[in-house]
Amino acid sequence: MGIGKSKMDPCHLSVPWGKSQSVDTSQSHHMSDSKQSEEISLHGDAVCSSTAEMPAGEQEGVEERPEEDTEEEVFLKFVILHAEEDTGEALRVQSLLENDFGIKPGIIFAEMPCGRQHLQNLDDAVNGSAWTILLLTENFLRDTWCKFQFYSSLMNSVNRQHKYNSVIPMRPLNNPLPRERTPFALRTINALEEESRGFPTQVERIFQESVYRIQQAIWKETRNMVQRQSVA
């Protein structure tokens, strides 16, 4: 999205895996398990070695594995930072914004790819989206990791000019955090109030397409610059 390790197990997104190379073991029915494993390993090494040493003409019949297609990264409209206990509520809010207001694509922090450090996921979530929504519930401030999330998000919005006003506190319908218990740093920002009659107007005023396009262009240029530097 203590700060060293979150309670969350954010493994909802599927991760593409390469296809494993199959090995023919039909010739060794009478071997013991350990002996068979050793022979299979040696056989695989021999196949790789002999293929590499083949003349170009003889390699034509060798099937090459196609490279895995890499999915292009998408700059998201929003990411919802939330407490572990509020994953269901975060999904409901995500559906509300995407389906009722057409603000998509979005993501909740629990859906960030697993297998990476939470700090890396938090950085990717905040910098890979136009708006950061803090789901203010009774559960949000009970977790030290959630406190770290909103402080980091606020600092990011202050230090980067194009991220100004990109942090959006939101009190959802279910189990909202009372205003008097909201941290002072967040009280200075106008929060989205889902139970308010002016909620639709607030959403339209905040999530403007022109702002999204500006941030998307800066994000693309930053990525291209990093890629050029890595090649140089």
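This report describes the strands, cores and loop residues of the structure shown above.

The model is predicted, and local features are reported where pLDDT is at least 70, side-chain atom pairs count only at pLDDT 80 or more, and totals for chains, interfaces and linings use all residues. Residues are numbered from 1 along each chain as its sequence is written, and side-chain values use heavy atoms, with hydrogens and water left out.

**Strand β3 and its partners**

Helices (H or I, at least four residues) and strands (E, at least two) are DSSP runs numbered from the N terminus. Buried means under 20% relative accessible area, exposed over 50%, and partly exposed in between, with a 1.4 Å probe and protein chains only. In β3, 7 of the 7 residues are buried, so this strand is largely enclosed by the rest of the structure. Strands are taken as paired if DSSP finds at least two bridges between them; β3 runs parallel to β1, to which 5 bridges join it, and it also pairs with β4 in the parallel sense over 4 bridges. F78 stands opposite W131 of β3, while I133 has I168 in β4 as its bridge partner.

From β3 the chain crosses through helix α4 (residues 144–159) to β4 in a right-handed β-α-β crossover, meaning that, with the strands pointing away from the viewer, the path from the first strand over the helix to the second runs clockwise. The buried residues of α4, including W145, F150 and L154, pack against β1, α3 (118–127), β3, β4 and α5 (184–187).

**Nonpolar cores**

A nonpolar core is a set of buried Ala, Val, Leu, Ile, Met, Phe, Trp, Tyr and Cys residues joined through side-chain atoms within 4.5 Å. The largest has 23 residues, and those with the most contacts inside it are I80, W131, I133, L192 and F207. Elements giving two or more residues to this core include β1 (76–81), β3 (129–135) and α7 (209–231). Apart from it lies another core, of 20 residues, among them M112, L136, L154 and V167. With contact taken as heavy atoms within 4.5 Å, W131 touches F78, I168, F207 and V211, among others, not counting residues up to four places away in sequence.

**Loop residues**

Two asparagines have a positive phi although neither is a glycine.

| Residue | Phi | Loop | Relative accessibility |
|---|---|---|---|
| N165 | about 65° | between α4 and β4 | 53%, exposed |
| N175 | about 55° | between β4 and α5 | 37%, partly exposed |

Elsewhere, the peptide bond from K104 to P105 is cis, with omega near 5°, and P105 has its place in the loop between α2 and β2 (106–108).
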